[in-house]
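Hi,

Here is the structure I promised to pass on. Have a look at it first, and then read on for what turned up in it.

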Amino acid sequence: MYAIIAGAGKVGRNLARELINKGHEVTVIESSRSCYLANEEEFEHALQYGDATELWVLERAGIQRADLVIAVTGDDEDNILVCQVAKEKYLCDRVIARVNNPRNHDHFRLLGIQPAVSATDLILRLIEHEVPRYGLVHLLALEEERLEIIELEVAEGAPTVGERVSDITLPEGALIISVLRGGSGFVPKPETVIQAGDEVLLVLDPGLEEAITAYFATAGQPARI
Amino acid sequence: MFVLIVGAGRVGSALAKSALAAGHEVSVLDADPLSHERLDAGQSKSWEDAEGQFTVGTALEMDALIQAGIERADVFIASTAGDNTNLVIAQIAQKRFGVEKAIVRVMDPARADWYGGQGLHTICPTKHALEMFERALAPAGAA
C-alpha cells in the first residue's frame with residue numbers, strides 16, 4: 001500500500017514509522033522547514049518538504065497512485081482541504097483526517113471527510129467509560145454504517161428495573177447486547193432480570209439515544225447525554 | 001441584498017465599504033477586533049452609524065456566523081488571509097446555510113481553478129497580477 005501523510009508532527013511521524021515497519025510505502029509532507037530538517041535524517045526520501053495543500057506538492061508526492069491519504073497537520077482547514085482534494089480531484093479511495101478542534105468535527109462531516117479522528121473526543125470517551133455514574137457513554141460510532149454502541153447505567157427506579165429482558169420492548173433499531181454486573185459482563189438471556197446499577201450495552205441506530213435513555217433512567221431525571 | 005464578508009483585511013474592508021455605499025446591507029466578521037478600524041478609516045461616519053454590522057469571531061464558529069447573520073445572507077464573501085480557510089468556510093456557507101452565492105479569494109491559481117470548477121466563485125488576485133505583469137513586460141505596440 002502507498003500512503004501519503006500530510007504533517008510530520010508527533011502523530012504524522014509515528015504513523016509513518018508504523019506503516020513503514022509494516023512494509024508499506026510512505027511519503028510524509030511537512031511544510032515547516034525546521035521540522036523537515038529535524039526529521040530528514042530519520043525518514044530520508046520518505047519525507048518531503050512542502051505545503052501539502054498545494055496541488056503540485058501532492059502531485060510530486062505521487063498522489064495519483066496513493067491508496068491512502070492521511071491529513072494530520074495542526075490545522076483543521078488544511079486537513080479538510082488535503083482530504084477533499086485527494087478524494088475528489090485525485091480520486092483516492094481512502095482518506096483519514098485528524099480533527100484538532102472537536103468543534104470542527106461537523107465541518108469535516110459536512111464536507112464528506114470521513115473518517116475524521118479527534119484525539120480530544122477519544123480521550124473524552126475513555127473518561128466517560130472510566131468515570132462511573134456519568135450516564136450514557138458512546139462506546140463506538142460507525143457513522144458510515146449508521147450504527148452505534150452505547151453504555152448506560154441503570155438508575156434506581158428506572159422503568160426497566162426488575163423486568164425480564166424478554167418483557168422489555170425497546171424501540172425498533174435498539175438491542176441490548178451485554179449486561180455488566182458486579183465487575184463482569186455477560187450476554188443477557190430472555191429471562192435475565194435487569195437490576196439497578198447494571199450497566200447495559202446497546203447497539204442502536206443513531207438518534208435513538210434519548211428514547212433509550214428513558215428506559216434506563218429514573219423518571220423525570222434522564223441520564224446525562 | 002445582504003452581504004456577509006468574512007475577513008476585514010485590505011480587500012474585505014474596502015469591499016464592505018463600497019457594498020454599503022452601493023446600498024446593500026453589509027455584515028463583516030473578523031477574528032481581530034482591531035480590524036474594525038479599517039472599516040471606519042476615511043469615512044465621515046463610523047461603520048455602525050452608517051448601519052454596517054461588525055462581529056468578532058472566526059468563520060469556523062457556527063455561533064459567530066449565525067450572529068453575523070449568515071442565515072439570511074444572499075452573498076458570502078471569504079476574504080481572510082488563508083486560502084484553505086476561505087475555501088472551507090465558503091463551502092460551509094453554501095452547504096450548511098444554503099447561501100446562494102459564495103465568492104472566495106484564493107491566492108493560489110491551481111486551487112482557484114479546481115475549486116472554481118466545483119461550484120465556488122473563486123477570485124485569484126495572483127492570476128490577475130500575473131496578467132498585468134505580462135502585459136507590462138510586453139514590448140510597446142504589441143497587443
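Before the details, one definition: two residues are taken to be in contact if their C-beta atoms, placed from the backbone, lie within 7 Å. Please also keep in mind that this is a predicted model.

Let me start where the two chains meet. Which residues bring the two α4 helices together? From α4(A) they are Glu77(A), Asp78(A), Ile80(A) and Leu81(A), and they meet Asn84(B), Thr85(B), Leu87(B) and Val88(B) in α4(B). Sorted by class, this helix-to-helix contact has four nonpolar, two polar and two charged residues. As for the geometry, helix α4 of chain A covers residues 76–88. The axes of α4(A) and α4(B) are 9 Å apart, and the helices pack at an angle of about 75°. Angles of 65 to 115 degrees count as roughly perpendicular, and α4(A) and α4(B) are therefore roughly perpendicular to each other.

Now for the whole contact between the chains. Chain A contributes 13 residues and chain B contributes 14 residues. On the side of chain B that touches chain A, two helices, α4 (83–95) and α5 (109–116), each supply at least two residues. The most comes from α4(B), which gives seven residues to that side. By class, the chain B side is made up of six nonpolar, four polar and four charged residues.

The helix α4(B) also has a place inside its own chain, so to speak, and the sheet is the thing to look at next. How are the strands of this chain B sheet ordered? The sheet is open and has six strands, in the order β3-β2-β1-β4-β5-β6, with parallel pairing. At the edges are β3 (53–56) and β6 (121–123) of chain B, each of which pairs on one side only. From one strand to the next, the twist averages 20°. α4(B) packs on this sheet, where it touches β1, β4 and β5 (101–105) of chain B. The direction of α4(B) makes about 175° with that of β5(B).

Within the sheet, β1 (residues 2–6) and β4 (residues 75–78) of chain B pair in the parallel sense over four bridges. If you want a residue pair to find on screen, Leu4(B) stands opposite Phe76(B) in β4(B).

Finally, chain A: its domain assignment gives domain 1 (2–117) and domain 2 (132–216). Taken over C-alpha atoms, the centres of these two domains of chain A are separated by 38 Å.

Best wishes

Terms used. Residues numbered from 1 in each chain as written. Chains lettered and ligands numbered in written order. Predicted model: local features only at pLDDT ≥ 70, side-chain atom pairs only at ≥ 80, totals over all residues. Nonpolar A, V, L, I, M, F, W, Y, C, P; charged D, E, K, R; others polar. Domains from an automatic or database assignment. Pairing = 2+ DSSP bridges. Axes fitted to C-alpha atoms, helices over the stretch in contact; angles between N-to-C directions. Parallel < 35°, antiparallel > 145°, perpendicular 65-115°, else oblique.
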